[in-house]
Amino acid sequence: MIIVLKPGATQEQIDHIAERLSKVGLKHHVSKGSERTIIGVIGDDRILSAYPLEAVPGIEKVLPILKPYKLASRDFKPEKTTINIDNKVTIGGDTLVIIGGPCSVESEEQILSAAKAVKEAGAHILRGGAFKPRTSPYDFQGLGKEGLKYLASASQETGLPIITEVMDPREVDLVVQYASIIQIGARNMQNYSLLKEVGACKKPILLKRGLSATIKDLLMSAEYILSSGNPEVILCERGIRTFVEVTRNTLDISAVPVIKELSHLPIIVDPSHAGGNWKWVAPLSKASVAAGCDGLLIEVHPNPEEAYSDGEQSLTPTKFINLINELKPLVKLMGKII
Ligand code: PEP
Ligand code: MN
């Protein structure tokens, strides 16, 4: 951290700042220029986040050098994190991991049929929501525990690991019993009690970027999970709110290379919630692979016309197989396998 003092800051003020720094165990270095004095703070200055330094007389601005997220940063861990899912697939390694399945679990038959279809197409993981975060309280809210049971039997039948969302800290214990990966949805990215709760469990967490969250916000939320003791966090770019209306959200493709530079955590892309229409899923998937993502999360429904949620953005099993086949040469070009 660098502290820039106001022009004309007095020696008394400098001594006061120095005293405050040494009180919290930080060393410093004062550099007096012809017009300005600058104080370089040595050590882990995150300790100062609890002290409003800007309010100290004589200080003009404080420039942080270390990132506010520590455990999630590349500075802290230069090598990429890889996350093994049920000894079946690794996220963050050489495989472009494909997660496919419906938005919601609707019935035992529907999820089984979806599971068989995505497995046949080559997907590695089955998705399906049992607890659904819906904008309207009148819309289908998910089957809850019954949905988890249907997911478990579809997983047993096909051998696919399951990812499903948890919305409430009180339901984490229940969802952990069924899920191979726990999803934190976009709307809950900053639900810090929920993040701490999943941070205390022993399952990998897929953390979706909030609707209006910056990349820093996303990494700070990941930091909550990591600092609660769970090192297995997968980040997910799923589009953000912009002034563009033709798509449901705007896929922030630059988030992929930026996150890869800032963090060691795997980053996957959800083109379905980004585009909001099945037509955009294939081009957005290809762009994401080309940008270097570690995987894709795609909504697939046996009969999108009859889906309880997100039918318009769901691929039919045939469209999903075609997409995976189209992705194969691109994945190879990116030095990955599918
Ligand atoms: C979902 O994956 O079905 C979902 C609700 O996604 P998001 O949280 O990204 O809106
Ligand atoms: Mn959905």
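Donors are N, O and S atoms within 2.8 Å of the metal. With that cut-off I started at the metal site of this predicted model.

**Entry 1: manganese site**

I looked up the spacing of the donor residues of the manganese ion (ligand 2) and wrote it down as C-x169-H-x25-E-x10-D. E299 sits in strand β14 (residues 295–299) and D310 in the loop between β14 and α10 (317–333), so this pair ties together parts that are eleven residues apart in sequence. The donor atoms are SG of C103, NE2 of H273, OE of E299 and OD of D310, at 2.0 to 2.3 Å from the ion. I then checked exposure for two of the donor residues. E299 is buried, with a relative accessible area of 0%. D310 is also buried, at 12%.

**Entry 2: R238**

I found R238 in the loop between β12 (233–237) and α7 (255–262). What is the nearest side chain of opposite charge to R238? It is D270, 5.6 Å away. A salt bridge needs a side-chain nitrogen of Lys or Arg within 4 Å of a carboxyl oxygen of Asp or Glu, and R238, although buried, has none. Leaving aside neighbours within four places in sequence, I listed the contacts of R238 as A186, R187, K208, R209, L211, N249, D270, H273 and A274. Among them is H273, which is a donor to the manganese ion (ligand 2) through NE2.

**Entry 3: helix α5**

For helix α5 (residues 192–199) I noted L194, L195, V198 and G199 as the buried residues. They cover an arc of only 140° around the axis, which puts them on the same side of α5. I also looked up what these buried residues pack against: α4 (172–178), β10 (181–184), β11 (205–208) and α6 (215–227).

**Entry 4: nonpolar cores**

The largest nonpolar core has 63 residues, and I182, V198, L207, L235, L296 and F320 touch the most other members. The element giving the most to this core is α6, with six residues. A second, separate core has 15 residues, including I17, V41, L53 and I59. I took L207 for a closer look. Outside four places in sequence, L207 is in contact with I184, M189, L195, L218, S221, A222, I225, V233, I234, L235 and C236.

**Entry 5: whole protein**

I counted ten helices and 14 strands. The C-alpha trace spans about 75 × 45 × 40 Å along its principal axes. Of the 338 residues, 50% are buried. Of the contacts with a separation of 6 or more, 67% are between residues 24 or more positions apart.

Technical notes. Residues numbered from 1 in each chain as written. Chains lettered and ligands numbered in written order. Predicted model: local features only at pLDDT ≥ 70, side-chain atom pairs only at ≥ 80, totals over all residues. Heavy atoms only, no water. Buried < 20%, exposed > 50% of the residue type's maximum accessible area, 1.4 Å probe, protein only. Helix = DSSP H or I, 4+ residues; strand = E, 2+ residues; numbered from the N terminus. Arc of directions from axis to C-beta. Contact = heavy atoms within 4.5 Å. Core = buried A, V, L, I, M, F, W, Y, C linked by side-chain atoms within 4.5 Å. Lys, Arg positive; Asp, Glu negative; His and termini not counted. Donors = N, O, S within 2.8 Å, 3.2 Å for Na, K, Ca; no water.
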